[in-house]
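Dear colleague,

I am handing over the structure we spoke about, and the notes on what was found in it follow below. Please read them with the model open beside you.

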Amino acid sequence: MKRSKLHKTSKREIPKLHRKAQPIFNRWIVQRDKRCMHPNCSKTLDQGWQLQCSHFWNQGTYGFVRYDEENADTLCAAHHAANEQLGWEFKKQGEYRDWKIEQLGEERYKELENRAHGKGKYYFQWSPELIKEIIEEYE
């Protein structure tokens with residue numbers, strides 16, 4: 001009985017820990033890149049532009065890679081926007097994907113795709129301990 005109650009408590013803790021870990025990881029990515037990674041953009045953090053962390057594979061749907069550095073890039077607000085003309089969100093199977101393959105190379109892109117889909121050895125479950133490690137690593 002105690003074990004079951006402990007398991008339920010730790011499962012309830014996971015969303016709260018994700019809410020804490022995600023902004024910490026996102027800030028780390030922006031600090032890593034310091035500029036919009038879109039090839040036609042020159043906006044930088046030093047210039048005071050609002051930069052955001054973009055997840056190539058969506059963090060909600062593809063939770064296996066929500067804290068994967070290869071899955072995250074810094075974009076300015078305009079290029080991160082979900083609009084067809086500027087935003088890369090609509091171009092993940094086109095322009096953004098092509099850039100990602102160029103950035104990582106075919107083999108690493110394929111590995112990222114496999115991690116995103118939790119295929120084979122990449123399948124795992126988030127635990128409070130794993131998320132706490134993420135927080136510690138990127139804080």
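**Aromatic pairs**

The count of aromatic pairs comes to 9. Please keep in mind throughout that this is a predicted model. One of the pairs is formed by Phe-56 and Tyr-109, whose rings meet edge-to-face, with 5.9 Å from centre to centre and 75° between the planes. This pair links distant parts of the chain, since Phe-56 sits in the loop between β1 and β2 while Tyr-109 belongs to helix α4 (residues 106-116), 53 residues apart. Both partners, Phe-56 and Tyr-109, are buried.

Another pair, that of Tyr-96 and Trp-99, is tilted, with 6.2 Å centre to centre and 45° between the planes. Here both residues lie in helix α3 (residues 95-104), where they are 3 residues apart, or about one turn of the helix. Tyr-96 is buried with a relative accessible area of 0%, and Trp-99, at 15% relative accessibility, counts as buried as well. These four residues come together with two others in one aromatic cluster, made up of Phe-56, Trp-57, Tyr-62, Tyr-96, Trp-99 and Tyr-109.

**The two strands**

Strand β1 (residues 51-55) and strand β2 (residues 72-76) run antiparallel and are joined by 5 bridges. Within this pairing, Ser-54 of β1 stands opposite Asp-73 in β2, and Cys-53 has Thr-74 in β2 as its bridge partner. Strand β1 is mostly covered, with 4 of its 5 residues buried, and Cys-53 counts as buried at 9% relative accessibility.

For β2, 5 of the 5 residues are buried, so this strand is largely enclosed by the rest of the structure. In a regular strand the side chains alternate between the two faces of the sheet. It is therefore worth looking at each side of β2 in turn: Ala-72, Thr-74 and Cys-76 lie on one side and Asp-73 and Leu-75 on the other, and all of them are buried, so that both faces are covered.

**Cysteines**

How many disulfides does the structure hold? The number is 0. For Cys-36, the closest cysteine sulfur is that of Cys-41, and the two sulfurs are 3.7 Å apart, which is too far for a bond, given that a disulfide requires the sulfur atoms to be within 2.5 Å. Cys-36 is itself buried, with a relative accessible area of 0%.

**The largest pocket**

The largest pocket offers about 160 Å³ of space. Its lining consists of Phe-64, Val-65, Tyr-67, Asp-68, Arg-115, Tyr-122, Phe-124 and Trp-126. Sorted by class, this lining has 6 nonpolar and 2 charged residues, and no polar ones.

**A backbone detail**

Most residues other than glycine have a negative phi, and most peptide bonds are trans. Against that background, you may want to look at Lys-34, which has a positive phi of about 60° although it is not a glycine. Lys-34 lies in the loop between α1 (2-33) and β1, and it is partly exposed, with a relative accessible area of 40%.

With best regards

Note on methods. Residues numbered from 1 in each chain as written. Predicted model: local features only at pLDDT ≥ 70, side-chain atom pairs only at ≥ 80, totals over all residues. Heavy atoms only, no water. Buried < 20%, exposed > 50% of the residue type's maximum accessible area, 1.4 Å probe, protein only. Pairing = 2+ DSSP bridges. 1 Å grid on protein atoms, 1.4 Å probe; cavity = no way out; pocket = protein on both sides within 12 Å on 5 of 7 lines; lining within 4 Å. Points joined across faces, edges and corners; volume = space filled by probe spheres on them. Nonpolar A, V, L, I, M, F, W, Y, C, P; charged D, E, K, R; others polar. Phe/Tyr/Trp six-rings, centres within 6.5 Å; stacked < 30°, edge-to-face > 60°.
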